[in-house]
Amino acid sequence: GVHADNMASLANFLDEICGDSSTASGLYKEALALDPKNAFAAGKYAAFLGRTGGVPKEEVVRMFEKSLGEAPGNTEALVDYAKFLSDKDDKVLAAKHFKRALGHLPDDSRLLGEYAAFLEEAGGEHDEAQDLFQKAIAADPGNAGVLGRYAEFLSRVRKDASGSCVMYQRCHDADPKSIVGLLGLAASDLSSGNIDAAEALLRRAVKEHPEDARALGVYANFLDCQKGDRSEAKEYYQRALKHSPNDAQILGNYAFFSGRGSGGEQRGGGGEALQAGGGSRPIECAQPWTIRGVSRAQVR
(Lines give C-alpha, C1' and ligand atoms only; values in the text may rest on other atoms or scores of the structure.)
Protein backbone atom coordinates (compact mmCIF):
# COMPACT_ATOMS: atom_id res chain seq x y z
CA GLY A 1 0.00 0.00 0.00
CA VAL A 2 0.93 3.61 0.49
CA HIS A 3 3.38 2.81 3.29
CA ALA A 4 5.34 0.41 1.07
CA ASP A 5 5.37 3.02 -1.73
CA ASN A 6 6.79 5.61 0.66
CA MET A 7 9.46 3.22 1.89
CA ALA A 8 10.50 2.41 -1.68
CA SER A 9 10.60 6.12 -2.55
CA LEU A 10 12.84 6.78 0.47
CA ALA A 11 15.06 3.85 -0.50
CA ASN A 12 15.40 5.24 -4.02
CA PHE A 13 16.33 8.67 -2.64
CA LEU A 14 18.92 7.20 -0.26
CA ASP A 15 20.49 5.19 -3.08
CA GLU A 16 20.49 7.64 -5.98
CA ILE A 17 20.90 10.95 -4.14
CA CYS A 18 22.68 10.05 -0.89
CA GLY A 19 24.66 7.04 -2.11
CA ASP A 20 23.55 4.97 0.90
CA SER A 21 22.93 1.67 -0.88
CA SER A 22 23.12 -0.39 2.30
CA THR A 23 20.21 1.37 4.01
CA ALA A 24 18.33 1.49 0.71
CA SER A 25 18.62 -2.28 0.28
CA GLY A 26 17.15 -2.89 3.72
CA LEU A 27 14.24 -0.53 3.06
CA TYR A 28 13.41 -2.17 -0.26
CA LYS A 29 13.31 -5.59 1.38
CA GLU A 30 11.17 -4.25 4.21
CA ALA A 31 8.74 -2.63 1.77
CA LEU A 32 8.32 -5.87 -0.18
CA ALA A 33 7.93 -7.90 3.02
CA LEU A 34 5.16 -5.51 4.03
CA ASP A 35 3.46 -5.66 0.61
CA PRO A 36 4.87 -8.49 -1.61
CA LYS A 37 2.67 -7.47 -4.55
CA ASN A 38 3.63 -3.79 -4.52
CA ALA A 39 4.50 -3.07 -8.16
CA PHE A 40 6.30 0.22 -7.47
CA ALA A 41 8.55 -1.26 -4.78
CA ALA A 42 9.32 -4.33 -6.91
CA GLY A 43 10.23 -2.19 -9.92
CA LYS A 44 12.46 0.17 -7.96
CA TYR A 45 14.14 -2.74 -6.20
CA ALA A 46 14.80 -4.37 -9.57
CA ALA A 47 16.38 -1.14 -10.84
CA PHE A 48 18.45 -0.95 -7.65
CA LEU A 49 19.70 -4.53 -8.09
CA GLY A 50 20.55 -3.79 -11.72
CA ARG A 51 22.61 -0.72 -10.78
CA THR A 52 24.43 -2.15 -7.80
CA GLY A 53 25.10 -5.60 -9.20
CA GLY A 54 25.89 -8.64 -7.12
CA VAL A 55 22.93 -10.65 -8.37
CA PRO A 56 22.44 -12.57 -11.64
CA LYS A 57 20.75 -10.83 -14.55
CA GLU A 58 17.94 -13.37 -14.30
CA GLU A 59 17.07 -12.22 -10.77
CA VAL A 60 16.82 -8.60 -11.89
CA VAL A 61 14.64 -9.62 -14.84
CA ARG A 62 12.42 -11.66 -12.49
CA MET A 63 11.86 -8.63 -10.25
CA PHE A 64 11.02 -6.37 -13.19
CA GLU A 65 8.61 -8.95 -14.59
CA LYS A 66 7.01 -9.27 -11.16
CA SER A 67 6.45 -5.51 -11.05
CA LEU A 68 4.99 -5.41 -14.55
CA GLY A 69 2.88 -8.47 -13.88
CA GLU A 70 1.22 -6.61 -11.02
CA ALA A 71 0.93 -3.33 -12.94
CA PRO A 72 1.54 -3.56 -16.72
CA GLY A 73 1.22 0.21 -17.01
CA ASN A 74 3.96 0.96 -14.46
CA THR A 75 5.92 3.43 -16.55
CA GLU A 76 8.68 3.82 -13.94
CA ALA A 77 9.37 0.09 -14.12
CA LEU A 78 9.14 0.04 -17.92
CA VAL A 79 11.74 2.81 -18.27
CA ASP A 80 14.04 1.36 -15.61
CA TYR A 81 13.72 -2.06 -17.24
CA ALA A 82 14.50 -0.59 -20.67
CA LYS A 83 17.62 1.15 -19.35
CA PHE A 84 18.76 -2.06 -17.64
CA LEU A 85 18.31 -4.04 -20.86
CA SER A 86 20.13 -1.36 -22.85
CA ASP A 87 23.07 -1.56 -20.45
CA LYS A 88 23.06 -5.35 -21.02
CA ASP A 89 23.14 -4.76 -24.81
CA ASP A 90 19.62 -6.03 -25.40
CA LYS A 91 18.70 -3.01 -27.50
CA VAL A 92 15.70 -4.53 -29.26
CA LEU A 93 13.86 -5.42 -26.06
CA ALA A 94 14.92 -2.14 -24.47
CA ALA A 95 13.32 -0.21 -27.33
CA LYS A 96 10.16 -2.29 -26.93
CA HIS A 97 9.81 -1.29 -23.27
CA PHE A 98 10.51 2.38 -23.98
CA LYS A 99 7.72 2.32 -26.57
CA ARG A 100 5.39 0.57 -24.11
CA ALA A 101 6.04 3.33 -21.57
CA LEU A 102 5.38 6.05 -24.15
CA GLY A 103 2.18 4.28 -25.11
CA HIS A 104 0.92 5.04 -21.62
CA LEU A 105 2.37 8.58 -21.37
CA PRO A 106 3.05 9.82 -24.93
CA ASP A 107 3.63 13.45 -23.93
CA ASP A 108 5.74 12.89 -20.82
CA SER A 109 8.88 15.02 -21.03
CA ARG A 110 11.02 12.69 -18.97
CA LEU A 111 10.04 9.60 -21.00
CA LEU A 112 10.61 11.38 -24.30
CA GLY A 113 14.03 12.52 -23.11
CA GLU A 114 14.98 9.05 -21.91
CA TYR A 115 13.98 7.47 -25.21
CA ALA A 116 15.81 10.18 -27.19
CA ALA A 117 18.97 9.50 -25.17
CA PHE A 118 18.58 5.77 -25.82
CA LEU A 119 18.19 6.28 -29.58
CA GLU A 120 21.26 8.49 -29.67
CA GLU A 121 23.52 6.23 -27.66
CA ALA A 122 22.25 2.77 -28.58
CA GLY A 123 21.10 3.11 -32.13
CA GLY A 124 22.74 6.22 -33.49
CA GLU A 125 19.34 7.40 -34.76
CA HIS A 126 20.24 11.05 -34.43
CA ASP A 127 17.45 12.68 -36.42
CA GLU A 128 14.72 10.86 -34.51
CA ALA A 129 16.53 11.53 -31.23
CA GLN A 130 16.66 15.25 -31.97
CA ASP A 131 12.95 15.32 -32.81
CA LEU A 132 12.17 13.58 -29.50
CA PHE A 133 14.40 15.94 -27.51
CA GLN A 134 12.58 18.91 -29.03
CA LYS A 135 9.20 17.32 -28.30
CA ALA A 136 10.30 16.67 -24.70
CA ILE A 137 11.33 20.29 -24.24
CA ALA A 138 8.06 21.53 -25.77
CA ALA A 139 6.19 19.33 -23.29
CA ASP A 140 8.12 20.75 -20.32
CA PRO A 141 10.34 23.77 -21.14
CA GLY A 142 11.68 23.83 -17.57
CA ASN A 143 12.93 20.23 -17.34
CA ALA A 144 16.60 20.83 -16.54
CA GLY A 145 17.54 17.19 -17.12
CA VAL A 146 16.15 17.12 -20.64
CA LEU A 147 17.62 20.53 -21.45
CA GLY A 148 21.05 19.41 -20.27
CA ARG A 149 20.87 16.15 -22.16
CA TYR A 150 19.85 17.93 -25.35
CA ALA A 151 22.71 20.39 -24.87
CA GLU A 152 25.10 17.43 -24.73
CA PHE A 153 23.56 16.03 -27.88
CA LEU A 154 23.98 19.31 -29.75
CA SER A 155 27.57 19.66 -28.58
CA ARG A 156 28.75 16.11 -29.14
CA VAL A 157 26.66 14.86 -32.04
CA ARG A 158 25.70 17.96 -34.00
CA LYS A 159 28.89 19.92 -33.18
CA ASP A 160 26.63 22.92 -32.64
CA ALA A 161 28.55 25.04 -30.14
CA SER A 162 26.17 28.00 -30.14
CA GLY A 163 23.05 25.84 -29.90
CA SER A 164 24.48 23.77 -27.07
CA CYS A 165 25.49 26.92 -25.19
CA VAL A 166 21.90 28.18 -25.39
CA MET A 167 20.61 24.86 -24.02
CA TYR A 168 23.21 24.73 -21.24
CA GLN A 169 22.11 28.23 -20.23
CA ARG A 170 18.46 27.15 -20.23
CA CYS A 171 19.39 24.11 -18.16
CA HIS A 172 21.22 26.36 -15.70
CA ASP A 173 18.30 28.81 -15.55
CA ALA A 174 15.90 25.95 -14.84
CA ASP A 175 18.12 24.51 -12.11
CA PRO A 176 21.08 26.68 -11.04
CA LYS A 177 22.55 23.73 -9.13
CA SER A 178 22.49 21.35 -12.09
CA ILE A 179 25.96 19.97 -12.57
CA VAL A 180 25.31 19.59 -16.28
CA GLY A 181 24.44 23.24 -16.67
CA LEU A 182 27.39 24.40 -14.58
CA LEU A 183 29.97 22.24 -16.35
CA GLY A 184 28.46 22.86 -19.77
CA LEU A 185 28.54 26.64 -19.38
CA ALA A 186 32.07 26.43 -17.98
CA ALA A 187 33.16 24.51 -21.07
CA SER A 188 31.51 27.11 -23.31
CA ASP A 189 33.22 29.96 -21.46
CA LEU A 190 36.54 28.16 -21.62
CA SER A 191 36.27 27.61 -25.37
CA SER A 192 35.62 31.34 -25.86
CA GLY A 193 38.57 32.29 -23.64
CA ASN A 194 36.53 33.57 -20.71
CA ILE A 195 38.71 31.92 -18.06
CA ASP A 196 37.40 33.86 -15.06
CA ALA A 197 33.76 33.02 -15.82
CA ALA A 198 34.66 29.36 -16.36
CA GLU A 199 36.50 29.27 -13.04
CA ALA A 200 33.55 30.78 -11.17
CA LEU A 201 31.21 28.13 -12.60
CA LEU A 202 33.60 25.30 -11.80
CA ARG A 203 34.07 26.52 -8.25
CA ARG A 204 30.32 26.58 -7.83
CA ALA A 205 30.06 23.07 -9.30
CA VAL A 206 32.46 21.58 -6.74
CA LYS A 207 30.82 23.58 -3.95
CA GLU A 208 27.35 22.33 -4.86
CA HIS A 209 28.56 18.78 -5.62
CA PRO A 210 31.57 18.19 -3.33
CA GLU A 211 31.45 14.41 -3.78
CA ASP A 212 30.90 14.32 -7.53
CA ALA A 213 34.00 12.81 -9.08
CA ARG A 214 33.45 14.27 -12.52
CA ALA A 215 33.08 17.83 -11.22
CA LEU A 216 36.20 17.40 -9.08
CA GLY A 217 38.13 15.96 -12.01
CA VAL A 218 37.06 18.73 -14.36
CA TYR A 219 38.18 21.34 -11.85
CA ALA A 220 41.50 19.56 -11.31
CA ASN A 221 42.12 19.60 -15.06
CA PHE A 222 41.25 23.30 -15.18
CA LEU A 223 43.57 24.15 -12.29
CA ASP A 224 46.44 22.33 -13.97
CA CYS A 225 45.95 23.41 -17.56
CA GLN A 226 44.52 26.89 -17.18
CA LYS A 227 45.91 28.11 -13.87
CA GLY A 228 49.15 26.16 -13.60
CA ASP A 229 48.32 25.32 -9.96
CA ARG A 230 49.67 21.79 -9.70
CA SER A 231 49.40 21.59 -5.93
CA GLU A 232 45.68 22.32 -5.83
CA ALA A 233 45.10 20.29 -8.99
CA LYS A 234 46.64 17.25 -7.31
CA GLU A 235 44.35 17.69 -4.31
CA TYR A 236 41.25 17.74 -6.53
CA TYR A 237 42.41 14.77 -8.61
CA GLN A 238 42.88 12.78 -5.42
CA ARG A 239 39.45 13.81 -4.14
CA ALA A 240 37.93 12.75 -7.45
CA LEU A 241 39.61 9.36 -7.32
CA LYS A 242 38.47 8.86 -3.74
CA HIS A 243 34.87 9.08 -4.91
CA SER A 244 35.31 7.27 -8.22
CA PRO A 245 38.52 5.19 -8.15
CA ASN A 246 37.78 3.38 -11.42
CA ASP A 247 36.82 6.32 -13.63
CA ALA A 248 38.95 5.86 -16.76
CA GLN A 249 39.17 9.54 -17.67
CA ILE A 250 40.11 10.65 -14.17
CA LEU A 251 42.73 7.90 -13.95
CA GLY A 252 44.14 8.77 -17.36
CA ASN A 253 44.31 12.50 -16.74
CA TYR A 254 45.84 12.01 -13.29
CA ALA A 255 48.44 9.62 -14.71
CA PHE A 256 49.36 12.15 -17.37
CA PHE A 257 49.39 14.95 -14.78
CA SER A 258 51.71 12.93 -12.53
CA GLY A 259 53.94 11.92 -15.43
CA ARG A 260 54.65 15.52 -16.40
CA GLY A 261 56.40 16.23 -13.13
CA SER A 262 56.48 19.42 -11.12
CA GLY A 263 58.40 21.37 -13.72
CA GLY A 264 55.82 20.86 -16.46
CA GLU A 265 57.99 18.51 -18.50
CA GLN A 266 56.32 15.55 -20.11
CA ARG A 267 57.59 12.13 -19.06
CA GLY A 268 55.30 9.97 -21.16
CA GLY A 269 51.77 9.86 -22.46
CA GLY A 270 50.00 12.15 -24.86
CA GLY A 271 48.12 15.33 -24.43
CA GLU A 272 46.80 18.46 -26.00
CA ALA A 273 48.45 21.81 -25.59
CA LEU A 274 46.13 24.28 -23.91
CA GLN A 275 46.83 27.83 -22.91
CA ALA A 276 47.35 28.56 -19.23
CA GLY A 277 45.78 31.78 -17.99
CA GLY A 278 43.82 32.26 -21.21
CA GLY A 279 46.83 32.26 -23.55
CA SER A 280 49.89 33.42 -21.59
CA ARG A 281 51.95 30.22 -22.03
CA PRO A 282 51.45 26.80 -23.58
CA ILE A 283 51.57 23.78 -21.30
CA GLU A 284 51.09 20.10 -21.99
CA CYS A 285 47.81 18.95 -20.50
CA ALA A 286 45.84 15.83 -20.03
CA GLN A 287 42.81 15.23 -22.24
CA PRO A 288 40.37 18.13 -21.92
CA TRP A 289 37.18 17.21 -20.15
CA THR A 290 33.92 16.49 -21.88
CA ILE A 291 30.53 16.58 -20.23
CA ARG A 292 29.42 13.22 -21.70
CA GLY A 293 27.75 10.88 -19.25
CA VAL A 294 27.11 13.39 -16.51
CA SER A 295 23.45 14.02 -17.11
CA ARG A 296 21.78 10.81 -18.18
CA ALA A 297 20.54 10.02 -14.70
CA GLN A 298 19.09 13.53 -14.57
CA VAL A 299 16.69 13.11 -17.48
CA ARG A 300 13.83 13.24 -14.97
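These questions and answers walk through a predicted model of a protein.

Reader: How many helices and strands does the protein have?
Author: The model is a predicted one, and the chain in it holds 300 residues, of which 48% count as buried. Counted by their secondary structure, the elements of the protein are two strands and 15 helices.

Reader: Is F133 buried or exposed?
Author: F133 sits in helix α8, which covers residues 126–139, and, leaving aside residues up to four places away in sequence, F133 touches G113, A116, A117, E120, V146, R149, Y150 and F153. Its relative accessibility is 0%, and because buried means under 20% relative accessible area, F133 counts as buried.

Reader: Which residue forms a salt bridge with R149?
Author: R149 belongs to helix α9 (residues 144–156), and its partner belongs to helix α7 (residues 109–123), so that the pair, 29 residues apart, links distant parts of the chain. Both members of this pair are buried. The closest N and O atoms are 3.2 Å apart, and the partner of R149 is E120.

Reader: How far apart in sequence are the parts that E120 and R156 tie together?
Author: E120 also forms a salt bridge with R156, with 2.5 Å between the closest N and O atoms. E120 is buried, with a relative accessible area of 6%, whereas R156, at 21% relative accessibility, counts as partly exposed. Because E120 lies in helix α7 and R156 in helix α9, the pair ties together parts whose separation in sequence is 36 residues.

Reader: Why are R62 and E59 separated by about one helical turn?
Author: The side chains of R62 and E59 meet in a salt bridge, at 2.9 Å from N to O. R62 is partly exposed at 45% relative accessibility, and E59 is partly exposed at 28%. An α-helix has 3.6 residues a turn, so residues three or four places apart point the same way. The separation of about one helical turn therefore follows from R62 and E59 being three residues apart in helix α4 (residues 57–70).

Reader: What span should the 14 residues of helix α14 have?
Author: Helix α14 runs over residues 230–243, and the expected length is reckoned at 1.5 Å a residue. The end C-alpha atoms of α14 are 20 Å apart, which agrees with the expected span of 20 Å.

Reader: Within what arc do the buried residues of α14 fall?
Author: The buried residues in α14 are R230, A233, Y236, Y237, A240 and L241. Seen down the axis of α14, these buried residues line one face of the helix, because they fall within an arc of 140 degrees.

Reader: Against which helices do the buried residues of α14 pack?
Author: On the other side of α14, S231 and K242 are exposed. The buried residues of α14, by contrast, pack against three helices, namely α12 (195–208), α13 (213–227) and α15 (248–260).

Reader: What is the area of the nonpolar surface patch made by L10, F13 and I17?
Author: F13 is found in helix α1, residues 2–16, and at 42% relative accessibility F13 counts as partly exposed. Together with L10 and I17, F13 makes a nonpolar surface patch of about 300 Å².

Terms used
Residues numbered from 1 in each chain as written. Predicted model: local features only at pLDDT ≥ 70, side-chain atom pairs only at ≥ 80, totals over all residues. Heavy atoms only, no water. Patch = residues over 30% accessible without salt bridge, like charges linked within 9 Å, V, L, I, M, F, W, Y side chains within 5 Å. Areas by Shrake-Rupley, 256 points an atom, 1.4 Å probe, with all protein chains shown as cover. Salt bridge = Lys/Arg side-chain N within 4 Å of Asp/Glu carboxyl O. Helix = DSSP H or I, 4+ residues; strand = E, 2+ residues; numbered from the N terminus. Buried < 20%, exposed > 50% of the residue type's maximum accessible area, 1.4 Å probe, protein only. Expected span 1.5 Å × (residues − 1). Arc of directions from axis to C-beta. Contact = heavy atoms within 4.5 Å.
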